[in-house]
Amino acid sequence: MVEHSGLDIMCLNKYCHSSSSSSSSSEHDKKTFAQIKLNLSGDYPKKNAEILSGQYGTNLLLIGAALMLAIAHHDPFVKEEHLLSLVTCLMILQLLWMMWYILARDRQKNTRTEKDVHATTCWIRGGLTLLALLSLIMDAFKIGHYVGYHSCVSAVLGVYPVIHATHTIAQVHFLWFHIKDVIKSYETFERFGVIHAVFTNLLLWCSGVMSEAEHFLNNHMRRLSALGYGNLTTGHSEPLCNCTTSTCSMFTSSLYYLYPFNIEYHIFVSAMLFVMWKNIGRTMDLSSNRKRLATKTQGLSVGPILGLLALASTIGILVVYITHVESLQTRQSAISMFYIYGIVLLLFMCCASASGLLIYRVDHIPLDTSKNPSRQLDTELLFGSSIGSWLMSWCSIVAVLSTNSSPPYLWTNCIYSLLLVVEKCMQNLFVIESLYRQPGDVESDDPELQSAPEIFSVTSSLAPPYNGIINRAYETPDKACVTMENEQEESGPVYRCPRKPSEVPLPVGNKVVEPPNIKRQILKNLSVFLIMCNISLWILPAFGCRPQYDNGLEQETFGFSIWITVLNFAIPLNLFYRMHSVASLFEVFRRV
C-alpha cells in the first residue's frame, strides 16, 4: 500500500510536472507573441504613418503637376477648370480637417497641450496675415473678373476664389492659435490631415507660379514681336466674349501685381505646417523649449539707413527698367543699368555677411545642438532654394563665355552672376552660424565668471548649506518669487529668485561685468541691412525686372525652350529664397 501510494504520488508528480511544463510553454508563447506585438506596435506605426502620409501628399502634388503640364502644353482636353476643380476639392477637405481639429481641441481644453515655442513667432504670423489680406484682395478681383465674363466661362472660375478666400481666413485662424501644438492624440489621422494641408498649399503655390510664369512669358514674346524678332504667338489670357462690366481690364492687370504676395503666402504656410507635421508625437526638450526675451533695438543707425537707401534705389531701378526695356533704343542701357546696380548691391551684401562671420569666429560661443525642427527646416530651405539661382547664374556664365556677340552688358552679366553665387554662399553661412549659436545674453571676457558660485541661486550645487533656515524659494519657487517682489528692500530677504542674465549685470567683487554691446550692435545693423537688401532683390524680379528674359545671351546659347524652362524653375525658387532669407535674418536679429 505504501509502494502503491508512492507510485500514485510519483505519477501525480509526473503529471503535475507535465502540466507545469505545458503551462510554462504556453506562457512563453504568450510572452513571445506579446513581444512581437509590442515590436510591431511600437515605432513601426509612427514610421508607417510618416511614410504613408508623405507618399499621399507627394502623389497629390504630382497629380496637380501632371495637370499643369498638360495645361501648359495647351492640350484641348485638359483645361484650367480641371486643375481648379481638383484644388477646390483639396481646399474643402482641408477646411473639414481644420474644423474637426479645432472642435477636438475645444473638447480637450481642460488637458494641457504641449507647445513648440520655436515653431513660429508673432511677427511671422503677422507677416503671413498681411500676405493673406493681399490674397483676399486678389480673390475679390478674380470674383469681379468672373462676374464680367460669367456668360462664357465655367462656374469653377467663380467658385474657386470664394473657396480660396474661405480657406485663407480659416487657415490664418489656425496658424495663429494652433500651429505650435505638439499633437499627441489621433497621431496617424492627424499626420494625414497636416500633410494634406502642406501639399494643398504647395499645389496652390505651383498653380500661382505657373500663372505668373505664363504671364511673363506672354509679355516676353509680345516684346520680342514688337522689337521685330519674329511673329510669335501668345496664349489667350482673356475669354472669347465681351465683358459685361467696365472693370474687367483693371481686374486682369491688377491680378499679376498681387500674384507674388499670394505665392509667398502659400509657400510660407507650407513650411510652417511641415514643422507642425514633424512635431507630431515629439517629446519636447523643456530645457531648449523656452521663449526668448524681447530684442532691444538700441544702437540701430547705420544698418537701417543703408538698407532704406538700397530699397529706395531699388524702386527707382525698377521703374526705369520697366519703362525703358520696351524701347529698342534704351533696351541695352536699361539692362546694363540693372547689372551695375546688382553688382554694387551684391558686393555690399558679401561684405556684410563676411563681417558677421568674422565677428562670430572671434567669439567662441558653443553651438546649440538641441533638436529643433523649425531651425533644421530653415537650414534646408536656405540651401534648397539657392539651387535655382545658382543654376541660373552658372548658365549665364557659360553663355557669356561661349557667345560670339558683344553687347555692352556682356561682362557685367558675368560678374553679376558670379557675385550672386558668392553672395548666397556667404549669406547662408552667416544665417546658419547665427541660428546654431547658443543665445548667450551675457558674455564675459573673464573665464572665472563661468565657474563663480551663485550664492543665492537655488540651482547651484556650490551654495552653502542653510542651517536652520527654510529655503522658501526652493520649496515654492513661484510663490516665493511673488512674495519677494512684495517685500521691502530694507528687510533683506534670506533667499532670492534667479534673475535672467540680461536684466542686471552680475557683480563679481567690486567689478560689474558689462556685456560687450559693440559686437551686438554691429551684428544687428548687419542683419537689418541684409534684410532690406533681400527685400530689394525680391521686389525686382517679383514686379517685372527680369533681364534674364531680355538680354538674349542665354537664349542664344541654350535655345528658347530650354532657357525658358530653366527660368520657370529658377525664378520662383529665387523669389522664395529672398523672402525666406528675410524671415531667417529677422530671427538672427532677434537672437543677437
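Which helix holds Ser-207? Ser-207 is found in helix α6, residues 187-226. The legends below take this predicted model view by view.

**Figure 1. The whole chain of the predicted model, with 17 helices and two strands.** Buried residues make up 42% of the 592 residues. Among contacts with a separation of 6 or more, 85% join residues 24 or more positions apart. The average pLDDT of the chain is 79. A score of at least 70 is reached by 74% of the residues.

**Figure 2. Two stretches with pLDDT below 50: residues 1-19 and residues 441-514.** Residues 1-19 have zero contacts in the model beyond near neighbours in sequence. For residues 441-514, the model has 64 contacts beyond four places in sequence.

**Figure 3. Ser-207 in helix α6.** Is Ser-207 buried or exposed? Its relative accessible area is 10%, so Ser-207 is buried, because buried means under 20%. Leave aside neighbours within four places in sequence, and Ser-207 is in contact with Met-68 and Leu-83.

**Figure 4. The largest nonpolar core, with 98 residues.** Six residues touch the most other members: Leu-128, Val-194, Leu-273, Met-276, Phe-430 and Leu-540. Which helix gives the most to this core? Helix α17, residues 560-591, does, with 14 residues. There is also a second, separate core of 13 residues. Ile-71, Leu-83, Tyr-160 and Ile-163 are among its members.

**Figure 5. Helix α17, from residue 560 to residue 591.** Its 32 residues should span 46 Å at 1.5 Å a residue. The end C-alpha atoms of α17 are 46 Å apart, which agrees. Burial comes next. In α17, 24 of the 32 residues are buried, so the helix is largely enclosed by the rest of the structure.

**Figure 6. Helix α14, residues 517-542, and the residue Gly-544 just after it.** How far should the 26 residues of α14 span? At 1.5 Å a residue, the expected value is 38 Å. The C-alpha atoms at the ends of α14 are 37 Å apart, in agreement with that value. Of the 26 residues in α14, 20 are buried, so the rest of the structure largely encloses this helix. Just past the helix, Gly-544 takes a positive phi of about 110°.

**Figure 7. Leu-540 and the residues it touches.** Not counting residues up to four places away in sequence, Leu-540 touches Thr-314, Ile-317, Leu-318, Phe-338, Tyr-341 and Cys-545. Leu-540 is also one of the six residues that touch the most other members of the largest nonpolar core.

**Figure 8. Arg-546 in the loop between α14 and α15.** Arg-546 has 5% relative accessibility, so it counts as buried. Which ring does Arg-546 lie over? Arg-546 lies over the face of Phe-216, at 3.8 Å from the ring centre. Arg-546 also touches Glu-212, Tyr-321, Pro-541, Ile-571 and Leu-575, among residues beyond four places in sequence. Phe-338 is 208 residues from Arg-546 in sequence, yet their C-alpha atoms are 9.3 Å apart in space.

**Figure 9. Aromatic rings and a charge over a ring.** The structure holds 23 aromatic pairs. Which residues form one aromatic cluster? They are Tyr-321, Phe-338, Tyr-339, Tyr-409 and Tyr-416. In another pairing, the charged end of Arg-375 sits over the ring of Tyr-436. The distance to the ring centre is 4.4 Å.

**Figure 10. Ser-393 in helix α10, residues 373-402.** Ser-393 counts as buried, because its relative accessibility is 2%. Beyond its neighbours within four places in sequence, Ser-393 is in contact with Ser-417, Leu-420 and Val-421. Ala-570 is 177 residues away along the chain, and the two C-alpha atoms are separated by 9.6 Å.

**Figure 11. Cys-248 in helix α7, residues 248-278.** With a relative accessible area of 3%, Cys-248 is buried. Which residues is Cys-248 in contact with, leaving aside neighbours within four places in sequence? They are His-145, Gly-148, Tyr-149 and Cys-243. Gly-144 is 104 residues from Cys-248 along the chain, with 7.3 Å between their C-alpha atoms.

Terms used: Residues are numbered from 1 along each chain as its sequence is written. This is a predicted model: local features need pLDDT of at least 70, side-chain atom pairs count only at pLDDT 80 or more; totals for chains, interfaces and linings use all residues. Side-chain values use heavy atoms; hydrogens and water are left out. Rings of Phe, Tyr and Trp (its six-membered ring) pair if their centres lie within 6.5 Å; planes under 30 degrees apart count as stacked, over 60 as edge-to-face and the rest as tilted. A charge sits over a ring if NZ of Lys or CZ of Arg is within 6 Å of the ring centre and within 35 degrees of the ring normal. Helices (H or I, at least four residues) and strands (E, at least two) are DSSP runs, numbered from the N terminus. The expected span of a helix is 1.5 Å times one less than its number of residues. Buried means under 20% relative accessible area, exposed over 50%, partly exposed in between (1.4 Å probe, protein chains only). A nonpolar core is a set of buried Ala, Val, Leu, Ile, Met, Phe, Trp, Tyr and Cys residues joined through side-chain atoms within 4.5 Å. Contact means heavy atoms within 4.5 Å. pLDDT is the predictor's confidence in each residue, from 0 to 100.
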